[in-house]
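Student: I should like to take a close look at one part of this structure, namely an enclosed space inside the protein.

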Amino acid sequence: MVQTSMKISQADLAQGIRALPARVLRERMATGALKAAEVAEAYLAAIEAREETVRAFVWHDPDFVRHQAAELDRFRGTGRPLGRLHGLPVALKDIIDTAKIPTENGAAMDKGRIPKQDAWIVARLKAEGAVIMGKTVTTELAFMQPGPTTNPVNPAHTPGGSSSGSAAAVAAGMVPLAIGTQTGGSVIRPAAFCGVTGFKPSFGAIPRTGVLKQSQSLDTLGVFAHDAEDAALIAEVLFGHDPGDLATAPQPAPNLLQIAASDAPVAPTFAFVQMPGFEGAHPDTRAAFHELTGALGEQCFEAPLPNIYNDAAALRERINFAEMAQNYHRYDMPESGLSDKTRAALEKGRAVTAKEYLAALDWQRVLASGVDEILARADAILCPAALGPAPEGLASTGDAIFNGLWTYLGLPAVTLPLLQAESGLPMGVQLVGCKGDDARLLRTARWLDHHLAQSEDQTHA
């Protein structure tokens, strides 16, 4: 009986640790109220309990995790300054290079590939005291051929992609934080499908050196967390400049967490945008956004997009596929084992002419100016994160029609798990801000989250 009680106590402790926001965990480890080893064990227990069904990880070594945590606890004992992510477990999408740890890019050709050097962001994570929990499943070459990961809410449904494993790992309680990438909708959509917060920063905010290059004009690193403040916590650490990534610039990183956690001086205003493709949205999505915009009242106005924005998806795809054909040429051979989906994209990319490619790049500036006019009248654009809840089955990762425009324009976007379909599956609310105004966007997201929670409490009171 004594042994049973101890097991229950340990399970309760682990559950209690996993229930805390990442920023609270970090503070408790900094003060010594929790050890990094205790936090690591709590999340290792969740991985052991759920990984067989969720299948979020492509590489995971519990002994390596314990070694990192023990080293961090020893470091804290020296009294030296701690990193901003001290002791926090973080999972990495398996297109991000990790020295001496496999990085296989979801590709048959890269099985067994072990990089010699960490990606820029991995070096930064380690320097700030993060515990690398493992490498998460990606779709093949971060494109559209799904991997084995299932949706933690309902394993019969897709977790989305291409950052499927990272979103699922956070949603399943296996890690409090994870890193993914977005070239179309690969952070926002899986976050919405799995019911967590996903944040895609402004283009060029986080260096991509050491990350698989699919489309240099579009690829953006992003983060998964349980709320906007935790997303701000890890994103702030990753913002920076690296001469190896020409999209980045030498400028001070914003105080994302401080601003995200602050109270908005006035209640934000939202511009509800019916995205191209909205007519194909799930009925639950339509009903939920009708209710949401109604609840916001005068703080929300509808902002129609001109018909020219209907071409944005094709323009983004043209850039994406043309650059894929350039960057993935070494995979484009019969013996590479590539899926038909990826091969078809490479074939389309090879057919794009230089004139078409350059025109698609030019249209970015034109379409961005129209969105800037909307954002001049609102704190954030409000729209669905996906057509509806996660589709049934694992053959598809879903449609990125509500995400690609914002990636194409390089704007910051965040999705919050605020809605639920009749099936019980989560649905995300996507907010979009001005380029470079990531901190204010996260503050607006936090305001909306708290505002709706307070309204629900008052309803039930």
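What volume does the second largest cavity have, and which residues line it?

Tutor: This is a predicted model, in which local features need pLDDT (the predictor's confidence in each residue, from 0 to 100) of at least 70, side-chain atom pairs count only at pLDDT 80 or more, and totals for chains, interfaces and linings use all residues. Residues are numbered from 1 along each chain as its sequence is written, and side-chain values use heavy atoms, with hydrogens and water left out.

The second largest cavity has a volume of about 40 Å³. A cavity is a set of points, on a 1 Å grid over the protein atoms alone, where a 1.4 Å probe fits but cannot get out, and lining residues have an atom within 4 Å of a point. The volume is the space filled by probe spheres set on the points, which are joined across faces, edges and corners.

Its lining consists of A192, T285, F289, P384, A385, A386, G388, M427 and G428. Two elements, α10 (283–296) and β11 (426–432), each give two or more residues to this lining; helices (H or I, at least four residues) and strands (E, at least two) are DSSP runs, numbered from the N terminus. By class, the lining has six nonpolar, three polar and no charged residues. Here Ala, Val, Leu, Ile, Met, Phe, Trp, Tyr, Cys and Pro count as nonpolar, Asp, Glu, Lys and Arg as charged, and the others, Gly among them, as polar.

A search of the whole structure finds two cavities of 30 Å³ or more, and the largest has a volume of about 50 Å³. As for confidence, the protein chain has a mean pLDDT of 96.

Conventions
On a 1 Å grid over the protein atoms alone, a cavity is a set of points where a 1.4 Å probe fits but cannot get out, and a pocket is an open set with protein on both sides within 12 Å along at least five of seven lines; lining residues have an atom within 4 Å of a point.
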